[in-house]
Amino acid sequence: MASSKSQLPDCGLYLTTKPLPGHEDKVPAGTLVSFHNHSDNGLPTVTTPDHNVHNRWHFHGPAVAFRGTTWADSLQRLPAEGFYTLRKELAFDGGNWPKGTLVQLGYTQAGMPILFIARVRSRLQENDLFFSDKGVGIKREQLSLLEPVSVFEEPSDGSGHQPDHADAH
């Protein structure tokens, strides 16, 4: 018996804690997924990461639809990829970043969080912040250090190359 949409988790970024029954090869345990509680056929779907651009995963692969809520209940919600400030100092192997530091949150395909620090590059003419593709891995328990920040994103340039913003649903 299919479950109603109201019993399903919200759309967003999740970590699988169990393989998706019948699709264990496509959606194993310990994988970052974009979950949607809606689809054209009315079933919930998950999509695994396809590729990473600017420290954000893009989920362009075919979505895998499934029935029931038992497996969906096993998903672990993750904060959205994007921009945050640190609520307190973050010490890590090789350094530390002070409270209030602007960072970008990303993940490995296995759902491990990575922080990328904002930098102003003095040798460039542009007034841009730069986020390297090399970050600092943190523990999931440290995600509570992050305070979301609103950052204006320019509209699509028409390339069709936008990340999946599941939280916008």
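Two strands are taken as paired when DSSP finds at least two bridges between them, and this criterion is met by β12 and strand β14 (residues 136-137), which pair in the antiparallel sense over two bridges. The model shown in every view is a predicted one.

**Figure 1. Overview of the chain and of the confidence assigned to it.** The chain contains 15 strands and zero helices, and 38% of its 169 residues count as buried. Among contacts with a separation of 6 or more, 54% are made by residues that lie 24 or more positions apart. The accessible surface amounts to about 10200 Å², with carbon and sulfur atoms contributing 50% of that area. The mean pLDDT of the chain is 87, and 88% of the residues reach a score of at least 70. Confidence is highest in strand β15 (residues 146-148), with a mean of 97, and lowest in strand β13 (residues 129-131), where the mean is 86.

**Figure 2. The two segments with pLDDT under 50, residues 1-5 and residues 165-169.** Over residues 1-5, where pLDDT stays under 50, the model has four contacts beyond four places in sequence. Over residues 165-169, where pLDDT likewise stays under 50, the model has 15 such contacts.

**Figure 3. Strand β12 and its antiparallel partners, including β11, β13 and β14.** β11 and strand β12 (residues 113-120) run antiparallel and are joined by five bridges, with L105 standing opposite L115 in β12. The two strands form a hairpin with five residues between them, and G111 in the turn has a positive phi of about 80°. β12 is also joined to β13 by three bridges, again in the antiparallel sense, and here V120 stands opposite L129 in β13. In the pairing of β12 with β14, which runs over two bridges, I114 has G137 of β14 as its bridge partner.

**Figure 4. The loop residue T101 and its surroundings.** T101 is found in the loop that connects β10 (95-97) with β11 (102-107). Is this loop residue T101 buried or exposed? With a relative accessible area of 12%, T101 is buried, because it falls under the 20% limit used for that class. Once neighbours within four places in sequence are left aside, T101 is in contact with Y84, T85, L86 and I117.

**Figure 5. An open sheet of five strands.** The strands follow the order β6-β3-β2-β1-β7, and the pairing is antiparallel. β6 (64-65) and β7 (76-77) stand at the edges with a single partner strand each, so one side of each of them is left without a neighbour in the sheet. For β7, strand β1 (residues 12-15) pairs with it in the antiparallel sense over two bridges, and within this pairing Y14 has R77 of β7 as its bridge partner.

**Figure 6. The two salt bridges found in a search of the whole structure.** In one of them, E147 is joined to R87, with the closest N and O atoms 2.5 Å apart. This pair links distant parts of the chain, since E147 belongs to strand β15 while R87 is in the loop between β8 (82-86) and β9 (90-92), 60 residues apart. Both ends are intermediate in accessibility: E147 is partly exposed at 34% relative accessibility, and R87 is partly exposed with a relative accessible area of 41%. The other salt bridge connects K134 with D133, the closest N and O atoms being 3.7 Å apart, and both K134 and D133 are exposed.

**Figure 7. The largest nonpolar core, with L146 as one of its members, and a second core.** Which members of the largest nonpolar core touch the most other members? Of its 20 residues, these are W97, Y107, L115 and L146. At least two residues of this core come from each of β1, β8, β11 and β12, and β11 gives the most, with three residues. L146, leaving aside its neighbours within four places in sequence, is in contact with Y84, T85, L86, R87, V103, L105 and L115. A second, separate core is made up of twelve residues, among them F35, V64, A72 and L75.

Key: Residues are numbered from 1 along each chain as its sequence is written. This is a predicted model: local features need pLDDT of at least 70, side-chain atom pairs count only at pLDDT 80 or more; totals for chains, interfaces and linings use all residues. Side-chain values use heavy atoms; hydrogens and water are left out. Helices (H or I, at least four residues) and strands (E, at least two) are DSSP runs, numbered from the N terminus. Buried means under 20% relative accessible area, exposed over 50%, partly exposed in between (1.4 Å probe, protein chains only). Contact means heavy atoms within 4.5 Å. Accessible areas come from the Shrake-Rupley method with a 1.4 Å probe; for residues, only the protein chains shown count as cover. pLDDT is the predictor's confidence in each residue, from 0 to 100. A salt bridge is a side-chain nitrogen of Lys or Arg within 4 Å of a carboxyl oxygen of Asp or Glu. A nonpolar core is a set of buried Ala, Val, Leu, Ile, Met, Phe, Trp, Tyr and Cys residues joined through side-chain atoms within 4.5 Å.
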